[in-house]
Amino acid sequence: MSNLLFVLILSVLFGGLYAWGFKRLCGERWQFIGTIPLTKRNDGCWNGLNLTYYGLFNANACTLAVLIVYILLAAGGLSTAVIHLVVGLVFALCIPAAKLMARWVEKKAHTFSIGGAAFVGLIAAPWVMAALNLAGPLWGMPPFPIMPALAAIAAGYALGEGSGRLACLSFGCCYGKPLGRFPSVFRPWLAPLSIVYHGGNKKIAYAGALDGQPVIAVPAITAVLYTAAGLIGVLLFLEGRSRAAYLLCVSVTQFWRFASEFLRADHRGAGRISAYQKMALAAVLYAVAVAVAIPPAGSPVHLIAGLRLLWNPVIILACQSLWIGIFLYMGRSQVTGAVISFFVRKDRI
C-alpha cells in the first residue's frame, strides 16, 4: 500500500465519521449509552449509573491514537517491546494528568482536561525516551531514534484528540460563544460554523445555560484542524520527514488551542489568558527546542511492516484492554444521575 493511499483511506473514514457526528451528537439522544441500576430506593425505583458517549468516544480516540503510534513506530523499525514501553510510560503519565490538571486549573474534581494531559505528555515524552535509551542497554534493549518516535506520538495525538472532540459534542463541553455575542456584521460568516446543543443534562445547559442557542462549533472545528494536521503528519512521517511531522502536529494543535479559547464560553480557569493557553504556547517553544536538539535520523520507513503489527495478538489485546480502561475511567458519569423504574408489559404475557 502506498503512503498516500493509506492517508487518503484514513481521510475518507474520518470524513464520514465527522459528517455523521457533527450532525447528530449535539442532540439530547446522544449523551447516554445506557444506565446501570445500582441501589433500590424506598419508592421502588432504582438509582442508576449513567454510561456516556463521552467515555465511548474518548476510548475510541485513545485507542486510535495508540494504534497510529504502533503502526508508525513499527514502520520506522522499532521493536514491539520498545513500542510497548514508550506507549505505556507516556500513557501512564497522561491518563491521571487529565484529571489532576483539571483539578489544579479549573478547581473541579469531577472533570477531565485533555489539554492538560497533552501538555504533560508533550513535555515528558522526550525525557521518557532518553531515559529508556540510557537504561535500555542494561536490559539488552538497543537505543532507538528519539525524533521519529516523538513524531509518531505527535501525529497519533493529533488524530486521537481530533476524533476525541466528538466526545465534547456529545457531552456539551468545550462549547463556543453564542453568535449573539459577536458583532452583527460577522454573524452571517460565523453562522455556518455554529451548532445548537439540545438537552438539559449537557454541560452547556447546566454550566452556561446556552442549550438551544447557536454557538461557535469549537469542538467540530478542532476535530477538523487536528485531524488534518495529524494526517499530514502521518504522511510526512512515512516519507521520512519526522522532524517536520513533529513540528507540524505540535504547532497546529497547540496554536489552535491557544486561539480557540478566545472563542469558547466555558470556564477555563482564572485570567484573561488561561493556564491552558500558556501551556499551549510553552509546548510549541519546547517542541522547537526539542527539534533543534535532537537529530531527525532514523531507519527507513516501511508502512507494510507497521500494518502487519496489527495482526499481533498482544497488540490486539493491549488495545482492547486500553479501550475498556479508558471507557470505565471516563465513561461513568460523575455529574449526572438517574432514577430507573421497571415494569411488566402485561399485554405480552
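**Hairpin, helix, cavity and a buried serine**

Analyst: Welcome! In the hairpin of β1 and β2, five residues lie between the strands, and Gly-44 takes a positive phi near 90° there. Keep in mind that this is a predicted model.

User: What makes β1 and β2 a pair?

Analyst: Two strands count as paired if at least two bridges are found between them. Strand β1 (residues 32-40) and strand β2 (residues 46-52) share seven bridges, so they meet that condition. Their sense is antiparallel, and Ile-36 stands opposite Leu-49 in β2.

User: How do you know that β2 also pairs with β5?

Analyst: The same test applies: at least two bridges are needed. Three bridges join β2 to strand β5 (residues 338-340), so this is a pair too. These strands also run antiparallel, with Asn-47 opposite Val-339 in β5.

User: Why is Ser-333 called buried?

Analyst: Buried means under 20% relative accessible area. Ser-333 has 13% relative accessibility, so it counts as buried. You will find Ser-333 in the loop between α12 and β5. Leaving aside residues up to four places away in sequence, Ser-333 touches Leu-49, Asn-50 and Thr-52.

User: What makes the length of α8 close to what is expected?

Analyst: The expected span is 1.5 Å times one less than the number of residues. Helix α8 (residues 218-238) has 21 residues, and the expected value is 30 Å. From its first C-alpha to its last, α8 reaches 30 Å, so it is close to that expectation.

User: How do you know that α8 is mostly covered?

Analyst: A residue is buried when its relative accessible area is under 20%, and 16 of the 21 residues of α8 are buried. After α8 comes Gly-240, with a positive phi near 85°.

User: What makes something count as a cavity here, and how many are there?

Analyst: A cavity is a space where a 1.4 Å probe fits but cannot get out. Searching the whole structure gives two cavities of 30 Å³ or more. The largest has a volume of about 570 Å³. Its lining has 32 residues, and Ala-65, Phe-91, Cys-94, Ala-118 and Tyr-157 lie nearest its centre. Elements giving two or more residues to this lining are α2, α3, α4, α5 and α12. With nine residues, α5 gives the most.

User: What kinds of residue make up the lining of the largest cavity?

Analyst: The lining divides into 25 nonpolar, five polar and two charged residues. Ala, Phe, Cys and Tyr count as nonpolar, so the five residues nearest the centre of the largest cavity belong to that class.

How values were computed: Residues are numbered from 1 along each chain as its sequence is written. This is a predicted model: local features need pLDDT of at least 70, side-chain atom pairs count only at pLDDT 80 or more; totals for chains, interfaces and linings use all residues. Side-chain values use heavy atoms; hydrogens and water are left out. Helices (H or I, at least four residues) and strands (E, at least two) are DSSP runs, numbered from the N terminus. Buried means under 20% relative accessible area, exposed over 50%, partly exposed in between (1.4 Å probe, protein chains only). On a 1 Å grid over the protein atoms alone, a cavity is a set of points where a 1.4 Å probe fits but cannot get out, and a pocket is an open set with protein on both sides within 12 Å along at least five of seven lines; lining residues have an atom within 4 Å of a point. Grid points are joined across faces, edges and corners, and a volume is the space filled by probe spheres set on the points. Contact means heavy atoms within 4.5 Å.
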